[in-house]
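Here are my notes on the model, set out as numbered points that can be followed with the structure open. They take the sheet, then the helices that pack against it, and then the salt bridges.

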Amino acid sequence: MLSKGELRGILLSLPTAEINVSKDKNTTVGYRVRLRVTIRGNLNFLFAIRRSLLQHEIESKINPMESKNRPRPVLYITGISNLENLYEKFILHSKYSNVNWNTFAQVMWMVRQDKHLTQKGLDSILSIKDLI
């Protein structure tokens, strides 16, 4: 059983999984698929998370200001190998999550297999994206 402090730390650092599909005329299907996991919090907290992730060979990037409309710090995890490591080492053990990690993992697998580069794969990802 987790203590209140541990539970509060987990809930403050709930990651958000994002599947972004955008137009890109340089690809064969005309769209680009990008995956990332976002963690928000104060800057010191995000630096601590980043150090912990690096110990597990997961690279991340911290932006001190997410955008003009959201001027708070944010940590991004991108790259298929970093996302797979994150999923394998952390997500499977999380009971407290607001993301359907199984569907996100399904899209990660499709990207790893280059299925997102075909029209059939892109259509499949778009239907999965509606479920998240």
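**Notes on the sheet, the helices and the salt bridges**

1. Strand 3 and strand 4 pair in the antiparallel sense, and three bridges are found between them. Within this pairing, Ile 62 has Leu 75 of strand 4 as its bridge partner. Please keep in mind throughout that this is a predicted model.

2. Strand 4, which covers residues 74-78, also pairs with strand 2, again in the antiparallel sense, and here the pairing extends over five bridges. One point at which to check this pairing is Thr 38, whose bridge partner in strand 4 is Tyr 76.

3. Strand 1 (residues 16-23) and strand 2 (residues 31-40) run antiparallel and are joined by eight bridges. For Ser 22, the bridge partner in strand 2 is Arg 32.

4. Taken together, these pairings give an open sheet of four strands in the order 1-2-4-3, with antiparallel pairing. Strand 1 and strand 3 (61-63) each have a single partner strand and stand at the edges, so each of them has one side without a neighbour in the sheet. From one strand to the next, the twist averages 35°.

5. Which strands does helix 2 touch where it packs on the sheet? Helix 2, residues 43-55, is in contact with strand 2, strand 3 and strand 4, and its direction makes about 25° with that of strand 4. Helix 4 packs on the sheet as well, but it touches strand 1 and strand 2, and its direction makes about 135° with that of strand 2.

6. Helix 4 (residues 101-112) also packs with helix 3 (residues 80-89), at an angle of about 145° and with the two axes 11 Å apart; the crossing is left-handed. On the helix 3 side the contact is made by Ile 80, Ser 81, Leu 83, Glu 84 and Tyr 87, while helix 4 contributes Trp 101, Asn 102, Phe 104, Ala 105, Met 108, Val 111 and Arg 112. By character, the residues of this contact divide into eight nonpolar, two polar and two charged.

7. How many salt bridges does a search of the whole structure find? The search finds four, and one of them joins the side chains of Glu 18 and Arg 36, at 2.8 Å from N to O. This pair links distant parts of the chain, with Glu 18 in strand 1 and Arg 36 in strand 2, 18 residues apart. Glu 18 counts as partly exposed because its relative accessibility is 21%, and Arg 36, at 28%, is likewise classed as partly exposed.

8. A further salt bridge is formed by the side chains of Arg 40 and Glu 66, also listed at 2.8 Å from N to O. Since Arg 40 belongs to strand 2 and Glu 66 to the loop between strand 3 and strand 4, the pair ties together parts that are 26 residues apart in sequence. With a relative accessibility of 26%, Arg 40 counts as partly exposed, and Glu 66 is placed in that class at 21%.

9. Glu 66 takes part in a second such contact, its side chain meeting that of Arg 70 in a salt bridge at 3.6 Å from N to O. Arg 70, at 41% relative accessibility, counts as partly exposed. Arg 40, Glu 66 and Arg 70 are thereby linked in a network of salt bridges, and a colleague inspecting the model may wish to view these three residues together.

Conventions: Residues numbered from 1 in each chain as written. Predicted model: local features only at pLDDT ≥ 70, side-chain atom pairs only at ≥ 80, totals over all residues. Heavy atoms only, no water. Axes fitted to C-alpha atoms, helices over the stretch in contact; angles between N-to-C directions. Helix = DSSP H or I, 4+ residues; strand = E, 2+ residues; numbered from the N terminus. Left-handed = near helix turned anticlockwise from the far one by under 90°. Contact = heavy atoms within 4.5 Å. Nonpolar A, V, L, I, M, F, W, Y, C, P; charged D, E, K, R; others polar. Pairing = 2+ DSSP bridges. Buried < 20%, exposed > 50% of the residue type's maximum accessible area, 1.4 Å probe, protein only.
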